[in-house]
Amino acid sequence: MATGLDIRKLVVFLACLAGLCSVPSLAAELAKASKFDLVFLVGVEEAELKPGVQVFVEPILFTDGKEFVFVYDYCRREYERTHKKRAKLPVKYIGLRGLADHEMRAEDLVAIRHFCAYESFRLKGENYDTVSSLGTRLRLGDITFTDEGERSRYIMPPQMPQSGQALITGVEGPNLQIAGRERFWGPKHYFLTSRNAELLGRLMPVQNVAEATARQFVARALAYICDPGRVVIWPCRQPEPEGSVKSDRQRPSSSESNSATELTDPKVGQILLADMDGDGLLDAAVGLRATDPRRSKATRKEEKNTASWSVTVFLLGNGTSRHSAGYSLIQQVPDQFHYYMPLAYLKLGDCNYVVTNAEETEKNLFLLAQPEETKTCTNKLTYKEPPAGAR
């Protein structure tokens, strides 16, 4: 069955055949209907959102609300197009669909060309709408991208620059304070931003919820990962409730005796609230992380490496729960994306996604279909920096 958009195209086309319009008007109508807007991910490290706090801004995808194209894939397609004699990249790194210039907004096209070319540029933050799934809105100052940073000869070109930086100039709407965020290193809040506020509202429907509701989901997530039958984090020591007396009690794990790690006290990261499975009930994706600073057996001093276990717990309104988790050994505390952490919720056409990231490299994006992957709604992966030596 034709969609409303298809019917409009047909009406315009038939009118043109009848001599009631010109060919240029048909082209204008079709171009207007197929515009893709550039969407950015915004991350904030400080637990408290307030003016003057710095954020990072990363272009992640183009979308018309139904289809989407990853920015990293687009950049590599452009590189392949302009370096035909010496570049032939695998489909997994360029995606199945490209974007023509006429499908993009003029302002977005200028910005993304600078980004893909590893060039410095600046965007007016006041022209962008920035919102989280909890309904918090930010006003941003100028967003600055620079060409600073080293390029590796081991990573397949093009290499994208570092994320842009901006300062918060204002905060509007709810600002939920969840215990544990102040002790969680790395970004604690994530937002999506775009010039198209109407599109952003369709991509990420905002849930108006009380702080107590969010806290209930956090408590449920902590209980889930400390369930001995699930063995998600070991040994699992839940944070003490506010105002309680410090306790040495620890919930045992079935694998604790076999583990040489010291992962304890999971920290609360990002929280997404949305109806992810379409049953009319509020669902949540809660990010948690535990860390184990590696110490030398001889000196007991902390080594450079840090072990971390990241968990995204999916809690459905119908009472069912599941998780996505990963263990990693990192050289330093990353200042941007985090393994297996929920970054944003997206509704694209008939598919719902939680934007997270997998373990292959620190900077990639993994769209996890909700409530599960199907033939029509499949998981999507893109790399900002493909694994070293990938061809």
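Reader: How many of the 7 residues of β16 are buried?

Author: Before counting, keep in mind that this is a predicted model. Buried here means a relative accessible area under 20%. By that cut-off β16 is mostly covered, and the number of buried residues is 6 of its 7.

Reader: What is the order of the strands in the open sheet of 4 strands?

Author: Let's build it up pair by pair. β15, residues 351-356, pairs with β16 in the antiparallel sense over 5 bridges, and β16 pairs with β17, also antiparallel, over 4 bridges. Put β14 into the picture and the open sheet, with its antiparallel pairing, has the order β14-β15-β16-β17.

Reader: Which strands stand at the edges, each with a single partner strand?

Author: Look for strands that have one side left without a neighbour in the sheet. That happens at the two ends of the order β14-β15-β16-β17. Because each has a single partner strand, the edge strands are β14 (344-348) and β17.

Reader: By how many degrees are neighbouring strands of this sheet turned against each other on average?

Author: Direction is ignored for this one, meaning that antiparallel neighbours aren't penalised for pointing opposite ways. The average turn between neighbouring strands is 25 degrees.

Reader: Which residue is the bridge partner of L365 in β17?

Author: You can use the β16 and β17 pairing, which is antiparallel with 4 bridges. Along it, F366 stands opposite L381 in β17. For L365, the bridge partner in β17 is T382.

Reader: Which residue in β16 is the bridge partner of V355?

Author: Here we turn to the pairing of β15 with β16, which has 5 bridges. In that pairing, V355 has as its bridge partner in β16 the residue L367.

Reader: Which helix lies across β16 and β17?

Author: Look for a helix running at about 55 degrees to β17. It covers residues 71-82, and its name is α3.

Reader: Where is P371, the residue whose peptide bond from Q370 is cis?

Author: Most peptide bonds are trans. The one from Q370 to P371 is cis, with omega near 0 degrees. P371 has its place in the loop between β16 (364-370) and β17 (380-383).

Reader: Is Y118 buried or exposed?

Author: Y118 is found in the loop between α4 (106-116) and β4 (121-123). Its phi is near 65 degrees, a positive value in a residue other than glycine. The relative accessible area of Y118 is 6%, and with the cut-off for buried at under 20%, Y118 is buried.

Reader: Why is strand β1 largely enclosed by the rest of the structure?

Author: In a regular strand the side chains alternate between the two faces of the sheet. In β1, D37, V39, L41 and G43 are buried on one side, and L38, F40, V42 and V44 are buried on the other. Strand β1 (residues 37-44) is therefore largely enclosed, the reason being its count of buried residues: 8 of the 8.

Reader: In β9, which residue is the bridge partner of V42?

Author: β1 pairs in the antiparallel sense with β2 (residues 54-63) over 8 bridges, and F40 has P59 as its partner there. β1 also pairs in the antiparallel sense with β9 (residues 189-194), over 5 bridges. In β9, the bridge partner of V42 is F191.

Reader: Which element gives the most to the lining of the largest cavity?

Author: The search of the whole structure finds 2 cavities of 30 Å³ or more, and the largest has a volume of about 100 Å³. Its lining has 13 residues, with S132, L134, T136, R181 and H189 nearest the centre, and the elements giving two or more residues are β9 and β10 (264-274). By class, the lining has 6 nonpolar, 6 polar and 1 charged residues. With 3 residues, the element that gives the most is β9.

Reader: What separates the C-alpha atoms of L200 and V131?

Author: L200 is found in helix α5 (residues 197-203) and is buried, with a relative accessible area of 1%. Leaving aside neighbours within four places in sequence, L200 is in contact with D129, V131, L192, T193 and S194. L200 and V131 are 69 residues apart along the chain, yet the separation of their C-alpha atoms is 8.2 Å.

Note on methods: Residues numbered from 1 in each chain as written. Predicted model: local features only at pLDDT ≥ 70, side-chain atom pairs only at ≥ 80, totals over all residues. Heavy atoms only, no water. Buried < 20%, exposed > 50% of the residue type's maximum accessible area, 1.4 Å probe, protein only. Pairing = 2+ DSSP bridges. 1 Å grid on protein atoms, 1.4 Å probe; cavity = no way out; pocket = protein on both sides within 12 Å on 5 of 7 lines; lining within 4 Å. Points joined across faces, edges and corners; volume = space filled by probe spheres on them. Nonpolar A, V, L, I, M, F, W, Y, C, P; charged D, E, K, R; others polar. Contact = heavy atoms within 4.5 Å. Axes fitted to C-alpha atoms, helices over the stretch in contact; angles between N-to-C directions.
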